[in-house]
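Hello,

Here is the model I promised to pass on to you. Have a look at it first, and then read my notes below.

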Amino acid sequence: MMELYKTEKINPLGGCLPILVQIPVFIALYWVLLGSVELRGAPFLYIGDLSVPDSLFGTLWFVPLGPLPLLMAASMFLQMKLNPKPTDPMQARLMMMMPIIFSVFFFFFPSGLVLYWLVNNILSIGQQWYVNNKIHAEALKKKGNA
């Protein structure tokens, strides 16, 4: 497998490395939002407090409902659609369920953390779209020259 990676010039950590950089920031932001007294009541747009879950639409039973977790799930779904489909059907089904699972978790997380993840997803979508279009344009250029 390593020989294949070398011949095809593929980094085996290419898919995991970006998330490994983000996880410490994510965990640190989580603990800062939960424990920092200075950030209690810090408003942003319609959110009155970035340290509590987004509950703009109220609560359903005990689940706070707000647009940020829903937007985050939609951005994860769009990001998943921009990436190539996994060849394993089980992995493909799991990838389809990930936005739903993450949105359930994010309903209970501080809204500042969900906002961070949403902005990160939007920037990642823009980057992936740019890379996909650039690769597509280069493939068309090569096809035209050949």
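Helices and strands here are DSSP runs, helices being H or I with at least four residues and strands being E with at least two, numbered from the N terminus. This is a predicted model, in which local features need pLDDT of at least 70 and side-chain atom pairs count only at pLDDT 80 or more, while totals for chains, interfaces and linings use all residues. Residues are numbered from 1 along each chain as its sequence is written, and side-chain values use heavy atoms, with hydrogens and water left out.

Let me start with Trp-61, which sits in the loop between strand S1 (59-60) and strand S2 (63-64). Its phi is near 55°, a positive value in a residue other than glycine. For background, most residues other than glycine have a negative phi. Is Trp-61 buried or exposed? Buried means under 20% relative accessible area, exposed over 50%, and partly exposed in between (1.4 Å probe, protein chains only). Trp-61 counts as exposed because its relative accessibility is 76%.

Next comes helix H2, residues 17-35, which includes Leu-20. Leu-20 has 52% relative accessibility and therefore counts as exposed. Leu-20 also belongs to a nonpolar surface patch with Ile-19, Ile-23, Ile-27, Trp-31 and Leu-34, and together these residues have about 540 Å² of accessible area. Patches take residues with over 30% relative accessible area and no salt bridge, joining like charges within 9 Å and nonpolar side chains (Val, Leu, Ile, Met, Phe, Trp, Tyr) within 5 Å. A salt bridge, for that purpose, is a side-chain nitrogen of Lys or Arg within 4 Å of a carboxyl oxygen of Asp or Glu. The areas come from the Shrake-Rupley method with a 1.4 Å probe, and for residues only the protein chains shown count as cover. Gly-35 is in H2 as well, and its 53% relative accessibility makes it exposed. From Gly-35 to Ser-51 there are 16 residues in sequence and 8.7 Å in space, C-alpha to C-alpha.

Helix H3 covers residues 67-82, 16 in number, and reaches 22 Å from its first C-alpha to its last, close to the 22 Å expected at 1.5 Å a residue. That expected span is 1.5 Å times one less than the number of residues. Its buried residues are Pro-67, Leu-68, Pro-69, Met-72, Ala-73, Ser-75, Met-76 and Met-80. Leu-82, also in H3, is partly exposed at 22% relative accessibility. Which residues does Leu-82 touch, not counting those up to four places away in sequence? They are Ile-125, Gln-128, Trp-129 and Asn-132, where contact means heavy atoms within 4.5 Å.

Helix H4 has 18 residues (89-106), and its end C-alpha atoms are 26 Å apart, which agrees with the 26 Å that it should span at 1.5 Å a residue. There is a bend in H4 of about 35° at Met-97, and a proline, Pro-99, follows within four residues. The bend at a residue is the angle between axes fitted to the seven residues ending there and the seven starting there. Pro-99, Ser-103 and Phe-106 are buried in H4. Ser-103 has 8% relative accessibility and touches Pro-69, Met-72 and Ala-73, leaving aside residues up to four places away in sequence. Val-104, in H4 too, is partly exposed, with a relative accessible area of 43%. The C-alpha atoms of Val-104 and Val-63 are 9.0 Å apart, with their positions 41 residues apart along the chain.

Last, Pro-110 lies in the loop between H4 and helix H5 (111-145). At 2% relative accessibility, Pro-110 counts as buried. Setting aside residues up to four places away in sequence, Pro-110 touches Tyr-30, Leu-33, Leu-34, Leu-50, Ser-51, Val-52 and Pro-53. The C-alpha atoms of Pro-110 and Met-90, 20 residues apart along the chain, are separated by 32 Å.

Best wishes
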